[in-house]
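Here is a short note for a colleague opening this entry for the first time. Please read it with the model on screen.

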Amino acid sequence: MSRILLCIALFLLVGVDAKSAKSKPNVVLFFVDDLGWNNLGYRNPDLFETPNIDQLAQDGTDFQQAYSASPTCSPSRSTLVTGKHPARLKLVRHIPSGKHPDFDEWDRTDAEFHLLEQDPAQFPSRNWLPLEETTYAEALKKEGYYSLFVGKWHLGHEPYHPVKNGFDRQIGTSNRGHPKGYYPPYTPFKEIFPEETERYLTDKLTDETVGFIEDYDKEQPFMISLWYYGVHTPNTGRKDLVPRFEGRKGLEGKRAQYAAQVMAVDESIGRVRAALKARGIDKNTVIIFTSDQGSLYEWAPYRGGKRVDTLCEGGARVPFIVSWPGVAKAGVQNDSIIQTTDIFPTLVELAGGDPAEYKDLDGTSLLATIKNNSVLERGKPVYGYRAYQDLYVSAREGDWKLLGHRSGKLWLYNVEEDREEKNDLAEKNPEKVQELVSKLKAWEKEMGVEQYSGVQ
């Protein structure tokens, strides 16, 4: 009799586990390249048209103060997949392309690090994400997920591609940081979609993603990482969309092409969401939408972009929306100061795992913040870091933001009162400067980059 009861108990436990596994949400992470905070229709309707992203913001929680940990292609991606700051990973610049002496024409190299001649610190930056680092694909695999990667990787050549980092499948991945063009051939050697002759690249990636959703037949939940090549240069809008923006005040030349690129991404997001709905799984799918850094161009009200004053708000502040039907508050704005380092622990926790199992995470899970629309109390600043120009580091805490230069110069802004970062308050607030400098220096030591510090 006891054996029968034991079998029944085991059966019930297995049934609970199976039900729990099926109830885990699918995840779709939209990661756009070079999309500024203000390059969305609901924030800048005179210049941009993004009805699908606007609807996503209405359907979810719209975080107003989200930052890239390092507003640069490869570093921003490294922190997204690992939850570790690029400074900790020693991946603080984009991985160079073929013209660099360490690389051949196929963007492959055996050199683990590279230097940049104009970098004042001569910081050796990695040429790939080490395989020893745990990615969110590997972490979610432990929780029963199937992971698909689509699009731009830019974290190393073939031995370090997504399928070597825990993803079950990759589509449209090359070694390059941006395409040769958005119409075929997309790359110089036709590394991706070599048979394609007509399709716009953003649409081609979307075709593949929608096809995956339509055909998915596994019992396990899935995670899709759709990392667009757009809206990176070359700024080539889809041909049918460009006329919508040409002639608008403020959208002359390449900016009109850029706005058309943004709209193509928006249509892509709408198509993916429609595919989820058609399969009847939209209610059990978490959608995260964000960007790696600000635009190539400056857009009011913020100062800076991806090449000039990059750690200012125009380069470092990014869109960040989370939609999770029945869980995330819908149609609300959240003013928590968050960072892309937070995505890894958030994904782990929502999948049923424990972020504490992973060492040296620099992010914080946003799960409770998402569920309650509460304000995240970090208890410490969020830091931005790059290794290109004199301006190399930022520390944002509360309304204050400190910007540090290799030359030792310090700027201090109240970014809530001064969004354009025009009024440097460093001289008027020496105590606040010293407080943030002390925290910054301790953080640089923790990251192991104190020898490259310019802050005294």
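The points below go through cores, one helix, cysteines, pockets and cavities.

1. Status of the model. This is a predicted model. Please keep that in mind for each point that follows.

2. The largest nonpolar core. This core has 53 residues. Within it, Phe30 and Phe289 touch the most other members. Several elements give two or more residues each. The strands among them are S1 (26–32), S5 (146–151), S7 (222–227) and S8 (285–291). The helices are H2 (51–59), H6 (201–215), H7 (242–245) and H8 (254–278). H8 gives the most, with 12 residues.

3. Phe289 in detail. Leave aside residues up to four places away in sequence. Phe289 then touches Phe30, Val32, Leu35, Leu40, Ile53 and Leu56, among others. Its contacts also include Ile269, Pro319, Phe320 and Ile321. Start here if you want to see how Phe289 sits among its neighbours.

4. A second core. A separate core holds 41 residues. Its members include Phe63, Leu80, Met223 and Ile370. Leu80 comes back in the next point, as a buried residue of H3.

5. Helix H3. This helix covers residues 73–82 and is mostly covered, with 10 of its 10 residues buried. The buried set runs from Cys73, Ser74 and Pro75 through Ser76, Arg77 and Ser78 to Thr79, Leu80, Val81 and Thr82. Note that Arg77 is among the buried residues. The cover includes strands S1 and S7. It also includes helices H4 (86–89), H5 (136–142) and H10 (343–350). Just after H3, Gly83 takes a positive phi of about 75 degrees.

6. Cysteines. How many disulfides does a search of the whole structure find? It finds zero. The sulfur of Cys73 has its closest cysteine sulfur in Cys312, 19 Å away, so the two are too far apart for a bond. Cys312 is likewise in no disulfide. Cys73 counts as buried because its relative accessibility is 6%, under the 20% cut-off. Cys312 also counts as buried, because its relative accessibility is 0%.

7. The largest pocket. This pocket has about 500 Å³ of space. It is lined by 23 residues. Which of them lie nearest its centre? They are Cys73, His94, His178, His232 and Lys306. Cys73 therefore links this pocket to the cysteine point above, where it counts as buried at 6% relative accessibility. By class, the lining has six nonpolar, 11 polar and six charged residues.

8. The second largest pocket. Its volume is about 280 Å³. Of its 15 lining residues, Asp59, Arg273, Asp282, Lys283 and Pro325 are the closest to the centre. H8 and S8 each supply at least two lining residues. The largest share, five residues, comes from H8. H8 is also the element that gives the most to the largest nonpolar core. The lining divides into six nonpolar, four polar and five charged residues.

9. Cavities. A search of the whole structure finds five cavities of 30 Å³ or more. The largest has about 70 Å³ of space. Its lining includes Gly36, Trp37 and Asn38. Further along the chain, Ser295, Tyr297, Trp299, Tyr302 and Gly304 take part, as do Glu313, Gly314 and Arg317. By class, four of the lining residues are nonpolar, five polar and two charged.

Definitions and conventions:
Residues are numbered from 1 along each chain as its sequence is written. This is a predicted model: local features need pLDDT of at least 70, side-chain atom pairs count only at pLDDT 80 or more; totals for chains, interfaces and linings use all residues. Side-chain values use heavy atoms; hydrogens and water are left out. On a 1 Å grid over the protein atoms alone, a cavity is a set of points where a 1.4 Å probe fits but cannot get out, and a pocket is an open set with protein on both sides within 12 Å along at least five of seven lines; lining residues have an atom within 4 Å of a point. Grid points are joined across faces, edges and corners, and a volume is the space filled by probe spheres set on the points. Ala, Val, Leu, Ile, Met, Phe, Trp, Tyr, Cys and Pro count as nonpolar, Asp, Glu, Lys and Arg as charged, and the others, Gly among them, as polar. A nonpolar core is a set of buried Ala, Val, Leu, Ile, Met, Phe, Trp, Tyr and Cys residues joined through side-chain atoms within 4.5 Å. Buried means under 20% relative accessible area, exposed over 50%, partly exposed in between (1.4 Å probe, protein chains only). Helices (H or I, at least four residues) and strands (E, at least two) are DSSP runs, numbered from the N terminus. Contact means heavy atoms within 4.5 Å. A disulfide is a pair of cysteine sulfur atoms within 2.5 Å.
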